[in-house]
Amino acid sequence: MLKGGVGKSTIAVNLADRLAARGNDVLFADLDPNGHASMGLGFKDAYRDTDEHLGNVLFEGGDSGPMDVVHDSGFGFDVVPSSANLARVERRLRNSMFSDVRLRRDFVDPLLSGEAYDYVVTDTPAYRGALADNALVATQNLIVPLTPGHEALAGFERTLQRQIKPVREQIGLDILAVVPNRVSGRMDQQNLDRVLVEDLNRNFGEFVPEFARITPEEFDAIDDGRLTDLPKPGLRDRKAFTEAFGENKPVAHYDPENDAVEHLDALAEHVVAEVGR
Ligand SMILES: Nc1ncnc2c1ncn2[C@@H]1O[C@H](COP(=O)(O)OP(=O)(O)O)[C@@H](O)[C@H]1O
Ligand SMILES: [Mg+2]
C-alpha cells in the first residue's frame with residue numbers, strides 16, 4: 001500500500017529476524033505476489049509450488065491448515081513464502097465474502113491463539129488491494145518506511161488520509177512506526193535526507209522510533225555548530241542490504257557488525273514496546 005522500492009520487504013524480513021533474535025517465536029508471511037522477500041530468503045522453489053500455498057488455507061475446499069504452508073527459514077523464524085498463485089488469490093479474495101477478514105480468521109488468529117507464534121510479520125504488495133487489506137486487518141499494526149526524496153512526506157500524508165485513516169477507525173489500526181530508510185545525507189546540511197527527518201519529526205513525531213528522533217532543539221544545536229557529534233538517524237543506506245539479499249540472508253546473518261543491525265534491533269525493540277507483549 002506504499003509505493004515500491006522504499007524498503008517494505010527489506011524491513012519486514014529483517015524485522016522478523018530481529019524479533020526472533022530477541023527470543024520471540026516469529027512467523028514472516030510474504031503476501032506480495034511478486035515474491036521478492038521470499039526470493040531474498042531462498043524460497044524460489046516454494047514460490048513455484050502450486051500445491052501448498054496460502055490460497056488453499058484461505059478458501060473453503062482447500063484441505064490445508066495454516067501449518068501446511070509454513071517453512072523454516074533456518075534463521076530462527078518461520079516463513080510463509082509467497083507463491084505464483086497469490087495473484088489469483090488476490091482476485092479470488094476480491095470476489096469472495098468476508099474478503100478482508102479471511103487471513104485473520106483462517107490463518108493468523110488460529111496461529112496466535114494456539115500460541116504457535118508471538119509475532120506475525122507480513123510483507124504486502126505496493127498496491128492497495130485485497131491482500132494488503134487482509135494484512136492490515138490481520139495484524140492491525142503498520143510500519144511505514146519512507147525514503148528521502150521530493151514529496152516523500154506528502155505522499156505519506158495522502159496515504160494516511162485516504163487509505164490508513166478510514167481503516168484505522170474501522171478496525172483500530174495502529175501505526176507502529178514511520179521509519180526513514182536509506183538515509184545517507186548529513187544532518188548539518190540542507191538535503192532531502194534532512195528534510196525528511198526534520199519534517200517527519202515535526203509533523204509525525206509520535207510515530208518516529210527513537211533511532212530516528214531528532215528534536216527541534218537538537219536541530220538548532222546542529223545548525224549552531226554546538227552539536228559536533230552529528231546524529232545518524234533512521235535506517236542508513238547500506239549496500240549490505242542488497243548483498244545480504246543476494247546471499248539469501250537477513251542482514252544480521254550476512255554482516256553482523258553492520259550498523260544496520262543495531263538500528264534494526266532498535267526497531268524490533270520499539271515494536272515490542274508498542275505492541276506490548
Ligand atoms: N537501507 C537500505 N540501504 C540500501 N539498500 C536498501 C535499503 N533498503 C532497501 N534497499 C534496497 O532497495 C531495493 C528495494 O527494497 P525493497 O525492500 O524490495 O522495497 P519494497 O518492498 O518497498 O519494494 C532492494 O534492492 C533493497 O535491497
Ligand atoms: Mg516489496
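## The open sheet

In this predicted model, four strands line up as an open sheet in the order β2-β3-β1-β4, with mixed pairing. Because β2 (71–72) and β4 (119–123) stand at the edges with a single partner strand each, one side of each has no neighbour in the sheet. Some terms help here: strands (E, at least two residues) and helices (H or I, at least four) are DSSP runs, numbered from the N terminus. Two strands pair if DSSP finds at least two bridges between them.

Let's look at one edge. β2 and strand β3 (residues 78–80) run antiparallel and are joined by two bridges. H71 has V79 in β3 as its bridge partner.

## A parallel pair and its helix

How do strands β5 and β6 run, parallel or antiparallel? Strand β5 (residues 141–146) and strand β6 (residues 174–180) run parallel, joined by six bridges. Within this pair, P145 stands opposite V179 in β6.

Together with helix α8 (residues 152–171), β5 and β6 make a right-handed β-α-β unit. Right-handed means that, with the strands pointing away from the viewer, the path from the first strand over the helix to the second runs clockwise.

## The loop between α5 and α6

Now visit the loop between α5 (86–94) and α6 (102–113), where V101 is found. V101 counts as partly exposed because its relative accessibility is 33%. The cut-offs for relative accessible area are under 20% for buried and over 50% for exposed, with partly exposed in between (1.4 Å probe, protein chains only).

V101 joins M97 and F98 in a nonpolar patch on the surface, with about 310 Å² of accessible area together. Patch residues have over 30% relative accessible area and no salt bridge; nonpolar side chains (Val, Leu, Ile, Met, Phe, Trp, Tyr) are joined within 5 Å, like charges within 9 Å. A salt bridge is a side-chain nitrogen of Lys or Arg within 4 Å of a carboxyl oxygen of Asp or Glu. Areas come from the Shrake-Rupley method with a 1.4 Å probe, and for residues only the protein chains shown count as cover.

S99 also has its place in the loop between α5 and α6, and S99 is buried, with a relative accessible area of 19%. Leaving out residues up to four places away in sequence, S99 touches L93 and N134, where contact means heavy atoms within 4.5 Å.

## How to read the values

Residues are numbered from 1 along each chain as its sequence is written. Local features need pLDDT of at least 70, and side-chain atom pairs count only at pLDDT 80 or more, while totals for chains, interfaces and linings use all residues.

Technical notes
Chains are lettered from A and ligands numbered from 1 in the order in which they are written. Side-chain values use heavy atoms; hydrogens and water are left out.
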